[in-house]
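I had some time with a new model today, so I kept notes as I went. Here is what I looked up.

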Amino acid sequence: MSRLPVRKTYKLFVGGEFPRSESGRTYEARGQNVARASRKDLRDAVRAARGAFGKWSGMTAYNRGQVLYRIAEMMEARAAEFAELSSGRAEVETAIDRWVWYAGWADKYAQVLGSSNPVAAPYFNFTVPEPTGVVGVMAPERPALDGLVARLAPVIVGGNTAVVLASEPEPLASIELAEAIATADVPGGAVNILTGYRSELAPWLAGHMDVNALDVGGADGDLPELERLAAENVKRVVRGHPDRQSPYEIANFLELKTVWHPIGV
Amino acid sequence: MTDLERRQDRSPVPSGWDYAPAPEARDILTLEERYGLFIGGELVEPGSGEYFPTIDPSSEEPLAEVAQAGKEDVDLAVRAARDAFENGWSDISPAERAKYLYRIARILQERSREFAVLESLNGGKPIKESRDVDLPLSAAHFFYYAGWADKLEYAFPNRRPKAIGVAGQIIPWNFPLLMLAWKIAPALAAGNTVVLKPAETTPLTALLFTDVLRQAELPPGVVNIVTGDGRAGAELVKHEGVDKIAFTGSTEVGKAIQRELAGTGKKLTLELGGKAANIVFDDAALDQAVEGIINGIYFNQGHVCCAGSRLLVQESIYEPVIEKLKLRLKTLRVGDPLDKNTDVGAINSKQQLEKIRHLVKSGEEEGAEIYQPPCRLPDKGYWFVPTVFTNVAQSYRIAQEEIFGPVLSVLTFRTPDEAVEKANNTPYGLSAGVWTEKGSRILSMAQKLKAGVVWANTYNRFDPTSPFGGYKESGFGREGGLHGLESYLDLDESEARGG
């Protein structure tokens, strides 16, 4: 007699936990009931991301690199499941290798993007990149898995925390990814992933006063309105491409801090 | 006599500090009666025929008439810039482009006194500042970016830098020529052409700068300057022919510009307001710190976006710091901007003076304690006595809002963590100051402060090699240094992976 498989309940990923939507709503994708996040869930996610910012940004670059590398390890172990929930094996491998690539940048981008500045006075002057803070990421619809990874990895490698709106038609891979992230020593709240209707969530993410930057790469026709909402607290708005991989993608979510100190005896 | 004046310290102006007047000569300068708009290499009449007077804020005397650019004028300027970009400027080799910028730098150095006098005359800032800060820095900025023009491919590894096209640039009235240099130098070095809108109240050094461009033989249309009030700026922001907007000014206007550009895909950089904390620890070299506090807030009458307008003093040294500060305030010389001994000049405009008065009044009403040193103010012009508020709560408007005047709000703290929390408790994030003799504490504070520029044991230092710009609602993008180039370049990746 064949055994009846145990199915997974697809939930949100907020503050390192897997809650259902407080609204109790779900929608169906690929035959599964997926949580349909509410505005309240979104606000909770932003709060979780803000709460995790100190811990994640305060970790050493070496440590953050290892955590990102471990996400790749966790994905590799679940490669078969990921392949089923995405466009296939090739997408999964690209996504895993992307984590490895960005993991290696954790302790290098500051050397590429920072500078020491030869000012014309007796001061030591240097510029260092720092994380912007909480970043809202609108993941592309497709590729749902690698597109999300391509936009999320450069955000968090720089020490930012993230609130991600997963692909609306293809949300399953993003929750599978949340499970990999949850077991990769990423501090709870550093990455939050919401599934649901983009039109219900995106404007609230764009207008949220405690979100510092916004990747609208995955947004559709409502882009002007989202960018207008983002101006309310002068958010850094990035139109991310799902196929771009570069340290400059990291730079998009970094601030530059310049420090002056006198040179004297 | 106003309430404010009644409260002012009535002890006599300290003797022994009186100097004979030492005004800088004005005859180095020849002003036109009326200035047109600088479009396509010539000063032309505005389409509307509308002019407005620009004044000396220290005397309210008119200096010249300046054109109000309208929609069609801005359009002409943008077309001139586009034409120059497509027909000529882009074909000039980067090395030659560099040489134009070097020429501009040299001419500014040669004519620096003339510019300094005009800057003080039209803006109200002390001549010693325009002479020793604004002018040398403006020339240095052109000199620095000149050298980048033919080295751009070394600035951004693995990218192919290209000019963007036409840059629309809107600058404020606090450092008129310096802000012009911050905008124009990197834009031209990167190969763009520009349309620049100077501030309504301080257009004259930008107009005199057109004579520098003539002497440098810069091709017509590469730089266009349209004067006027906010309407001209709004037309520039809205114009479809502009590829990039760079704005320095208030956070309120910056947000409006960001909204206006939403969905257009135009590049934008914003240098907005600030409410910087200047943090003094109990182990700081107190006399130096007091000089830094003074320089932080009274430099340029406090018309500085990165001004150290909130003083955070560690509780254990609160009394001696306040005592020294008040003593030092009494020696500040407020008056004629052209006098070489003047420390604090005139407030830039009547409108700004009213804003300062309004916020100072709110500080008194909310319960802060005001101190103003004895000092004589001229009868005419716009003036405000350097002011210190103590007993300030974080919630007071004078601790939250940018006053943009010579007004310091003093708060206290006990622990470094409390200092960080208070310093960061603002939507702004432009700059901060830290005063302590402990190196590890400086680096720890510098790391925790959410500010684009941190001055340790110094304040209000600027250099063309040093990137400047804000966190949070103080804007985005950097000016100065290698990073300042990025705002004016299209940076395709030559071999982006995974794509």
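**Entry 1: one helix in chain B**

Which residues are buried in helix H9 (residues 251-260) of chain B? I should say at the start that I'm working from a predicted model. I went through the helix and found Thr251(B), Val253(B), Gly254(B), Ile257(B) and Gln258(B) buried. They take up an arc of only 160° around the axis, so they are on the same side of H9(B).

Next I wanted to know what that side packs against. For the buried residues of H9(B), I noted helix H8 (230-238) and strand E10 (244-248) of chain B. Strand E11 (267-271) and strand E19 (475-476) of chain B are partners too.

**Entry 2: a residue in a loop**

I then picked Glu24(B), which is in the loop between helix H1 (3-7) and strand E1 (34-35) of chain B. Is Glu24(B) buried or exposed? I got 21 C-beta neighbours inside 10 Å, and the cut-off for buried is 20 or more, so Glu24(B) counts as buried.

I also checked what Glu24(B) touches, skipping its neighbours within four places in sequence. My list has Val117(B), Ile127(B), Leu338(B) and Lys340(B). Out of curiosity I took Val166(B) as well: from Glu24(B) it is 142 residues away in sequence and 39 Å away in space, C-alpha to C-alpha.

**Entry 3: a pair of helices**

Two packed helices get described by the angle between their axes and the distance between the axes. I tried this on helix H5 (residues 127-148) and helix H6 (residues 176-189) of chain B, whose axes come within 9 Å and cross at roughly 5°. Angles under 35 degrees count as roughly parallel, so H5(B) and H6(B) are roughly parallel to each other.

Which residues meet there? On the H5(B) side I wrote down several, among them Leu137(B), Phe142(B), Tyr145(B) and Trp148(B). On the H6(B) side the list includes Leu178(B), Ala181(B), Trp182(B) and Pro186(B). Sorted by type, the residues of this contact come to 12 nonpolar, 2 polar and 1 charged.

**Entry 4: over to chain A**

I finished with the overall picture of chain A, where I counted 10 helices and 10 strands. Its radius of gyration is 19 Å, close to the 18 Å from the globule rule for 265 residues, so chain A is as compact as a globular protein of that length. The C-alpha trace of chain A spans about 85 × 40 × 30 Å along its principal axes.

I noted that 55% of the 265 residues in chain A are buried. Last, I looked at chain A contacts between residues at least 6 apart in sequence: 75% of them join residues at least 24 apart.

Terms used
Residues are numbered from 1 along each chain as its sequence is written. Chains are lettered from A and ligands numbered from 1 in the order in which they are written. This is a predicted model: local features need pLDDT of at least 70, side-chain atom pairs count only at pLDDT 80 or more; totals for chains, interfaces and linings use all residues. Helices (H or I, at least four residues) and strands (E, at least two) are DSSP runs, numbered from the N terminus. The radius of gyration is taken over C-alpha atoms; the globule rule is 2.2 Å times the number of residues to the power 0.38. A residue is buried if 20 or more other C-beta atoms lie within 10 Å of its own, exposed if 12 or fewer, and partly exposed in between; C-beta atoms are placed from the backbone. Two residues are in contact if their C-beta atoms, placed from the backbone, lie within 7 Å. The arc is that of the directions from the helix axis to the C-beta atoms. Axes are lines fitted to C-alpha atoms, for helices over the stretch in contact, and angles run from 0 to 180 degrees between N-to-C directions. Angles under 35 degrees count as roughly parallel, over 145 as roughly antiparallel, 65 to 115 as roughly perpendicular and the rest as oblique. Ala, Val, Leu, Ile, Met, Phe, Trp, Tyr, Cys and Pro count as nonpolar, Asp, Glu, Lys and Arg as charged, and the others, Gly among them, as polar.
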